[in-house]
Amino acid sequence: MSDDKNIKSEIPQWPNTIYNTIKSKNFSQVCYVPDAGHSKLITLCESDTDIDCVTLTTEEEGVAMLLGTWLGGKKGLLLMQSSGVGNIINMLSLAKTCRYPMLMLVTMRGEWGEFNPWQNPMGEACRPVLEKIGARVFNVEDSINVETTISAAAEFAFNSQQAVAVTLSQKLIGTKNFLTDMK
Amino acid sequence: MIKEKNKLDRRKVAQKLLKGRKDILVITGLGGTCWDITSAGDDDLNFPMWGGMGGASMVGLGLAIAQPDKKVLVVTGDGEMLMGLGSLATIAAADPENLSIIVFDNEHFGETGMQKTHTAKGTDLVKVAEAVGFRNVSVIENQESLESFDIKTHSQNGPMFCVIKISNNNPTPVLPPRDGAYLKDRFRQALLGKKSAI
């Protein structure tokens with residue numbers, strides 16, 4: 001238990017690593033349905049005047065938006081939680097049919113030590129449904145692999161003009177416990 | 001409800017809207033509006049969507065943010081707009097002044113057997129847009145107001161949202177190219193030049 005507290009008290013640096021990586025690759029639009037796991041990255045992006053941030057009502061809006069972003073010659077990023085993957089499947093047919101590059105960063109729930117069992121179905125279905133509709137999926141479990149994975153995923157998306165998702169494991173982001181984390 | 005006297009012909013409306021369009025970037029929602037806009041002339045700066053129902057307005061938002069010096073026009077149907085109602089809130093919050101959304105409202109799902117949509121049963125899309133934060137909203141119900149409507153003038157102080165009440169006839173489709181990758185590359189090359197392929 002004391003170890004667990006020590007882990008929680010450390011300030012994670014991987015959101016800064018993601019921010020620096022997307023900056024180095026000239027992403028200028030970031031759209032999201034928020035997740036606690038993405039909150040620091042969202043704050044970093046919203047305080048950057050060179051990034052246009054768009055809050056979505058549902059994740060599929062972001063898939064359509066990033067088609068427009070690419071039609072206009074810019075690069076965009078979609079942030080969501082694994083439950084949001086269930087909301088985007090038909091819209092991802094645009095990415096497969098039109099072959100436009102898009103990068104999604106998916107914070108996982110229902111995967112590792114989950115507190116809320118209602119998250120588990122989409123946690124389990126997340127990777128297979130993304131792959132079924134034509135997105136490539138890369139997973140990160142450890143902070144030392146964040147930079148290389150995000151960087152490689154972005155290169156893959158934009159060199160191959162296709163949808164790529166990076167799933168950020170609960171092993172990386174920590175497992176949400178409502179009783180302690182929400183206080 | 002569409003009044004008998006207010007049966008604007010959708011093809012003629014599209015042709016009137018896009019007359020002298022120059023470099024306006026046009027996105028269309030799937031179905032009838034694709035054929036309408038193509039009947040006014042297939043254009044490299046058209047992006048007619050054959051899928052992704054509910055997504056047309058959001059494609060317009062991404063494009064409008066990426067190209068702030070260009071006017072972006074989304075033309076879509078009432079059924080397509082109803083599937084993406086949340087995107088109206090997203091767009092109003094993002095507040096892109098160069099984005100216009102025009103809904104051709106025939107109060108029916110035209111591609112699937114002319115079932116009534118929610119706009120035939122009381123939903124007022126203009127009020128929805130207004131309620132989520134659009135300030136520049138209008139409705140066109142007759143030839144007179146269509147004649148006085150000019151997209152370049154009315155799209156100032158955007159984002160703009162307009163509903164045009166059209167007749168529910170279903171004219172023969174005028175098809176644009178259907179390959180999505182081709183349409184995307186054609187659009188990008190017309191907008192960004194040959195370097196867009198590198």
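Let's start with strands β3 and β4 of chain A, keeping in mind that this is a predicted model. Strand β3 covers residues 76-81 and strand β4 covers residues 102-107; the two run parallel, joined by five bridges. If you'd like a spot to click on, try Met80(A), which stands opposite Val106(A) in β4(A).

Now let's zoom out to the sheet. In what order do the six strands of chain A lie? Reading across, it goes β2-β1-β3-β4-β6-β5, with parallel pairing, and the sheet is open. The edges are β2, at 52-55, and β5, at 136-140, each of which pairs on one side only. From one strand to the next, the twist averages 20°.

On to a helix that packs on this sheet: α8 of chain A, residues 146-160. Which strands does α8 touch? They are β4, β5 and β6 of chain A, where β6 spans 163-168. Compare directions and you get about 165° between α8 and β6(A).

Last stop, folks: the contact between the chains. Here 27 residues of chain A meet 27 residues of chain B. On the chain A side, β2, α4 (59-71) and α6 (92-98) each supply at least two of the residues touching chain B. So you'll recognise β2 here, the edge strand from a moment ago. Which element gives the largest share of that side? That would be α4(A), with nine residues. As for the chemistry, the chain A residues that touch chain B split into 11 nonpolar, 11 polar and five charged.

That's my tour. Thanks, everyone!

Conventions: Residues numbered from 1 in each chain as written. Chains lettered and ligands numbered in written order. Predicted model: local features only at pLDDT ≥ 70, side-chain atom pairs only at ≥ 80, totals over all residues. Pairing = 2+ DSSP bridges. Helix = DSSP H or I, 4+ residues; strand = E, 2+ residues; numbered from the N terminus. Axes fitted to C-alpha atoms, helices over the stretch in contact; angles between N-to-C directions. Contact = placed C-beta atoms within 7 Å. Nonpolar A, V, L, I, M, F, W, Y, C, P; charged D, E, K, R; others polar.
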